[in-house]
Amino acid sequence: MNHTRFSRIVAGVMGWGSWGKRLDTGEMAARIRGCCEIGVTTFDHADIYGDHSTEAAFGAALQASSIARSSIQLISKCGIKLPGAQVRTKHYDYGHASICDAVDRSLQNLGTDYLDLLLLHRPSPLLDPEIVAAAVGELLRAGRIRAFGVSNFTPSGIALLRPLLDVDVNQIECSLLHCEPMFDGTLDVHLQQRMVTMAWAPLGGLFGSTDARAVRTRHAVDELARKYACAPEQLVLAWLCQHPARIIPVVGTTELDRMRLAHAAATMRLDTEDWFALLEASRGHPVA
Ligand SMILES: NC(=O)c1ccc[n+]([C@@H]2O[C@H](COP(=O)([O-])OP(=O)(O)OC[C@H]3O[C@@H](n4cnc5c(N)ncnc54)[C@H](OP(=O)(O)O)[C@@H]3O)[C@@H](O)[C@H]2O)c1
């Protein structure tokens with residue numbers, strides 16, 4: 001899949017609404033315009049964000065922003081069923097109707113007639129690849145989604161789907177503090193299959209955590225940030241972007257100044273030795 005279908009940094013919208021900063025329509029519209037000015041044109045949603053309220057809030061803001069639909073890319077995810085009036089037990093549902101109905105609702109809420117990318121939010125032991133392939137195939141043929149991917153899937157979960165449909169993207173947790181995908185074969189498979197890797201929580205909670213690993217890593221980050229004359233969070237994102245999988249960070253900030261820094265971080269280049277110094281600080285030991 002071509003990475004250029006998405007911006008180099010994706011804006012994660014999970015915290016824009018009632019699960020986070022509770023931005024009103026005008027504030028969201030200003031964030032959408034601001035992101036586009038910076039060059040961050042891809043927005044990451046899920047049907048459940050804000051207990052199913054954030055897509056509609058964003059849709060209203062998009063309309064108010066006067067930004068053309070064709071100049072942005074919208075991602076959404078489906079499959080998680082949160083407890084509520086209709087649901088007693090949190091679960092995943094990848095039945096045909098569940099997938100197609102979720103896309104219908106996302107399109108309606110976002111005020112658009114297509115998603116640039118649909119992701120299955122989490123792997124499920126009950127996922128039947130044939131049923132998923134039939135539903136996704138219909139959505140692709142109808143033009144309601146333009147690409148398909150998964151989120152939080154292992155290489156074997158992806159291999160299950162691959163014979164039946166193109167899996168263009170895997171959105172996974174990946175950061176300096178959560179670098180296992182670089183070592184457990186996940187990113188190797190993405191690279192080999194030419195899949196796009198998107199990384200959620202790309203800062204890894206580094207700036208809020210007081211645990212020993214985070215404090216140790218933060219110390220190394222602060223020291224090198226002085227060398228590169230950049231903000232500490234830029235160094236953390238630059239570290240991620242330097243991986244040959246061309247990882248696309250899904251950045252959750254609601255602050256445009258931080259989004260600007262994130263965008264600039266994607267083109268930074270760290271010395272190889274500094275890259276490994278950060279890895280060592282995170283893992284607490286040198287490479288073998
Ligand atoms: N696929 C999945 O399963 C999955 C799971 C979780 C998330 N996601 C997606 O990934 C996106 C990003 O996730 P995330 O929000 O965890 O990622 P993140 O970008 O690592 O973290 C963003 C959070 O860190 C704060 N922050 C940023 N810079 C900071 C700094 N220098 N000091 C202190 N705090 C700072 C932000 O607050 P401010 O707003 O104040 O800057 C925001 O609350 C979500 O919006 C969602 O779209 C996907």
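Reader: How far from an oxygen atom of the ligand does a polar side-chain atom of Lys 21 lie, and what makes that a polar contact?

Author: This is a predicted model, and in it the gap is 2.6 Å. A polar contact needs N or O atoms within 3.5 Å, so this pair counts.

Reader: Which other side chains make contacts like that?

Author: Thr 253 puts a polar side-chain atom 2.5 Å from a ligand oxygen. For Gln 171, the partner is a nitrogen atom of the ligand, 2.9 Å away. Both values fall within the 3.5 Å cut-off, so these are polar contacts too.

Reader: How much of the ligand does the protein bury?

Author: On its own the ligand exposes 920 Å², and the protein buries 78% of that. The space the ligand takes is the largest pocket.

Reader: What sort of residues make up the shell around the ligand?

Author: Ten are nonpolar, eight polar and seven charged. Of the 25 residues there, Lys 21, Asp 44, Thr 253, Thr 254 and Arg 258 come nearest.

Reader: Now for the rings. Why is the pair of Trp 16 and Phe 43 called edge-to-face?

Author: The whole structure has six aromatic pairs. For Trp 16 and Phe 43, the ring centres are 6.2 Å apart, within the 6.5 Å limit, so they pair. Their planes stand at 85°, over the 60 degrees needed, so the pair is edge-to-face.

Reader: What parts does that pair tie together?

Author: Trp 16 sits in the loop between strand S1 and helix H1, and Phe 43 in strand S2, so the pair links parts 27 residues apart in sequence.

Note on methods
Residues are numbered from 1 along each chain as its sequence is written. This is a predicted model: local features need pLDDT of at least 70, side-chain atom pairs count only at pLDDT 80 or more; totals for chains, interfaces and linings use all residues. Side-chain values use heavy atoms; hydrogens and water are left out. A residue is near a molecule or strand if one of its heavy atoms lies within 4 Å of it. A polar contact is a pair of N or O atoms within 3.5 Å; within protein, one must be able to donate a hydrogen and the other to accept it, and residues adjacent in sequence count only if both atoms are side-chain atoms. Accessible areas come from the Shrake-Rupley method with a 1.4 Å probe; for residues, only the protein chains shown count as cover. On a 1 Å grid over the protein atoms alone, a cavity is a set of points where a 1.4 Å probe fits but cannot get out, and a pocket is an open set with protein on both sides within 12 Å along at least five of seven lines; lining residues have an atom within 4 Å of a point. A molecule sits in a cavity or pocket if more than half of its atoms lie within 2 Å of its grid points. Ala, Val, Leu, Ile, Met, Phe, Trp, Tyr, Cys and Pro count as nonpolar, Asp, Glu, Lys and Arg as charged, and the others, Gly among them, as polar. Rings of Phe, Tyr and Trp (its six-membered ring) pair if their centres lie within 6.5 Å; planes under 30 degrees apart count as stacked, over 60 as edge-to-face and the rest as tilted. Helices (H or I, at least four residues) and strands (E, at least two) are DSSP runs, numbered from the N terminus.
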